[in-house]
Amino acid sequence: MNIIQEIILEKELRRQEPLHVLYGEIHARLPALGLDVALQQLVAAGRIEEHPTIRETCYVLK
């Protein structure tokens, strides 16, 4: 969750839209084996939302 917050903050500072975070952006900073499980746990807990894009999945904070 901290990585998602960091990426969103960086995008806000650069005034970059959209403010969602792509799976590839998270994976670039945290290439861990349990990344998919951790993201699904955050979605299930209601802390983040998962949305499909044309090429991958994006995440936003709730």
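Helices here are DSSP runs of H or I with at least four residues, numbered from the N terminus. With that in hand, start at the end of helix α1: the residue to look at there is Arg15, which follows α1 and has a positive phi, near 55°. Keep in mind that this is a predicted model. Below is a quick tour of two helices, α1 and α3, and of the sheet formed by 3 strands.

**Helix α1**
- α1 takes in residues 2–13, so to speak a run of 12 residues, and its first and last C-alpha atoms sit 16 Å apart, close to the 16 Å expected at 1.5 Å a residue.
- Its buried residues are Ile3, Ile4, Ile7, Ile8 and Lys11.
- Those residues cover an arc of only 135° around the axis, so they end up on the same side of α1.
- Flip to the face turned away from that buried side and you find the exposed residues Asn2 and Leu13.
- As for what lies over the buried residues of α1, the cover includes two helices, α2 (23–29) and α3 (35–44), along with the strands β1 (21–22), β2 (48–52) and β3 (57–61).

**Helix α3**
- On α3, the buried residues are Leu35, Leu39 and Leu42.
- Look down the axis of α3 and these buried residues fall within an arc of 60°, which means they line one face of the helix.
- Val37, Gln41 and Ala44 are exposed, and they belong to the face of α3 turned away from its buried side.
- The cover over the buried residues of α3 includes α1 and α2 from the helices, plus β2 and β3 from the sheet.
- Just past α3 comes Gly46, with a positive phi of about 80°.

**The sheet**
- The 3 strands make an open sheet, ordered β1-β3-β2, with antiparallel pairing.
- β1 and β2 are the edge strands, as each of them pairs on one side only.
- α3 packs on this sheet, where it touches β2 and β3, and the direction of α3 makes about 115° with that of β2.
- β1 and β3 run antiparallel and are joined by 2 bridges.
- For a spot to click on, take Val21: its bridge partner in β3 is Tyr59.
- As a general reminder, the strands of a sheet pair through backbone hydrogen bonds, in either a parallel or an antiparallel way.

Key: Residues are numbered from 1 along each chain as its sequence is written. This is a predicted model: local features need pLDDT of at least 70, side-chain atom pairs count only at pLDDT 80 or more; totals for chains, interfaces and linings use all residues. Side-chain values use heavy atoms; hydrogens and water are left out. The expected span of a helix is 1.5 Å times one less than its number of residues. Buried means under 20% relative accessible area, exposed over 50%, partly exposed in between (1.4 Å probe, protein chains only). The arc is that of the directions from the helix axis to the C-beta atoms. Contact means heavy atoms within 4.5 Å. Two strands pair if DSSP finds at least two bridges between them. Axes are lines fitted to C-alpha atoms, for helices over the stretch in contact, and angles run from 0 to 180 degrees between N-to-C directions.
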